[in-house]
Amino acid sequence: MKYARFLALALLLLPALVVTARAGGEEPRAIVITAKRFEFVPSTITLKKGETVKLIVTSEDVTHGLFLRPLKIDTDLTPGERQEMTVTPQTAGTFTAICHHFCGAGHGNMKLTVVVE
């Protein structure tokens with residue numbers, strides 16, 4: 001009878017243990033960002049301090065850049081290619097990423113706001 005109770009308890013707890021094990025090995029949350037003249041879509045992303053996320057960034061038209069010093073992002077975006085970077089923000093705040101490749105007359109207004117909560 002002792003073993004039956006132990007077995008019943010083990011069977012009840014097993015699903016919780018499996019879910020916990022999967023949660024630790026999950027892929028980071030992915031955020032897709034598209035660069036195009038003269039904007040990033042979406043124009044604002046929100047991250048959580050300490051949360052690892054994967055940024056997937058593409059260019060729709062010409063060569064762009066994505067530069068954000070606080071997250072150590074400095075990448076070139078070539079049309080038709082995909083850049084992936086994994087970041088874990090350590091500081092809360094609102095930051096502005098810029099396109100650092102001249103892409104035309106509206107280049108100066110091409111910004112991405114990153115909010116870290």
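The numbered points below comment on a predicted model of one protein chain.

1. Confidence of the model. The average pLDDT over the chain is 84, and 79% of the residues reach a score of at least 70. One stretch calls for caution: residues 6-22 have a pLDDT below 50. In the model, residues 6-22 also make zero contacts beyond near neighbours in sequence. Where pLDDT is low, the predicted coordinates should not be read in detail.

2. Overall make-up. The chain contains one helix and nine strands. Read from the N terminus, the helix comes at the start, and the strands follow it, in the order α-β-β-β-β-β-β-β-β-β. Of the 117 residues in the chain, 30% are buried. The exposed surface of the chain amounts to about 7,700 Å², and carbon and sulfur atoms supply 57% of this area.

3. Contacts along the sequence. Among contacts in the chain with a separation of 6 or more, 64% are between residues 24 or more positions apart. Val53 offers an example of residues brought together from separate parts of the sequence: its C-alpha atom lies 8.9 Å from that of Pro89, although the two are 36 residues apart along the chain.

4. The four-stranded sheet. Which order do the strands of the open sheet follow? The order is S2-S1-S4-S7, and the pairing is mixed. Strand S2 (39-41) and strand S7 (82-87) are the edge strands, each pairing on one side only. On average, neighbouring strands of this sheet are turned by 25° against each other, direction ignored. As a general point, strands of a sheet pair through backbone hydrogen bonds, either parallel or antiparallel.

5. The pairing of S1 with S2. Strand S1 covers residues 29-36 and is joined to S2 by three bridges. The two strands run antiparallel. One of the residue pairs is that of Thr34 with Val41, the latter lying in S2.

6. Two cis peptide bonds. In the loop between S1 and S2 the reader will find Phe38. The peptide bond from Arg37 to Phe38 is cis, with omega near -10°. A second cis bond runs from Val41 to Pro42, with omega near 0°. Pro42 belongs to the loop between S2 and strand S3 (44-47).

7. Val53 in strand S4. Val53 belongs to strand S4, which spans residues 53-59. Is Val53 buried or exposed? Val53 counts as buried because its relative accessibility is 0%, which is under the 20% cut-off. Leaving aside residues up to four places away in sequence, Val53 touches Pro28, Arg29, Leu47, Met85, Thr86 and Val87.

8. The hairpin of S5 and S6. Strand S5 (residues 64-68) and S6 are joined by five bridges and run antiparallel. Among the bridge partners are Leu68 and, in S6, Ile73. The two strands form a hairpin, with four residues between them. Strand S6 (residues 73-77) has two faces: Ile73, Thr75 and Leu77 make up the covered one, whereas Asp74 and Asp76 make up the uncovered one.

9. Lys72 in the turn. Lys72 is located in the loop between S5 and S6. The phi angle of Lys72 is near 55°, a positive value in a residue other than glycine. Lys72 counts as exposed because its relative accessibility is 80%, which is over the 50% cut-off.

10. Cysteines without a disulfide. The structure holds zero disulfides. Cys99 takes part in no disulfide, and the nearest cysteine sulfur, that of Cys103, is 4.1 Å away. Likewise, Cys103 is in no disulfide, and its nearest cysteine sulfur is that of Cys99, at 4.1 Å. Why is this pair not counted as a disulfide? The two sulfur atoms are 4.1 Å apart, and a disulfide requires them to be within 2.5 Å, so the pair does not qualify. In general terms, a disulfide is a covalent bond between the sulfur atoms of two cysteines. Cys99 is buried, since its relative accessible area is 4%. Cys103 is buried as well, with a relative accessible area of 4%.

Conventions:
Residues numbered from 1 in each chain as written. Predicted model: local features only at pLDDT ≥ 70, side-chain atom pairs only at ≥ 80, totals over all residues. Heavy atoms only, no water. Buried < 20%, exposed > 50% of the residue type's maximum accessible area, 1.4 Å probe, protein only. Pairing = 2+ DSSP bridges. Axes fitted to C-alpha atoms, helices over the stretch in contact; angles between N-to-C directions. Contact = heavy atoms within 4.5 Å. Areas by Shrake-Rupley, 256 points an atom, 1.4 Å probe, with all protein chains shown as cover. pLDDT = per-residue confidence, 0-100.
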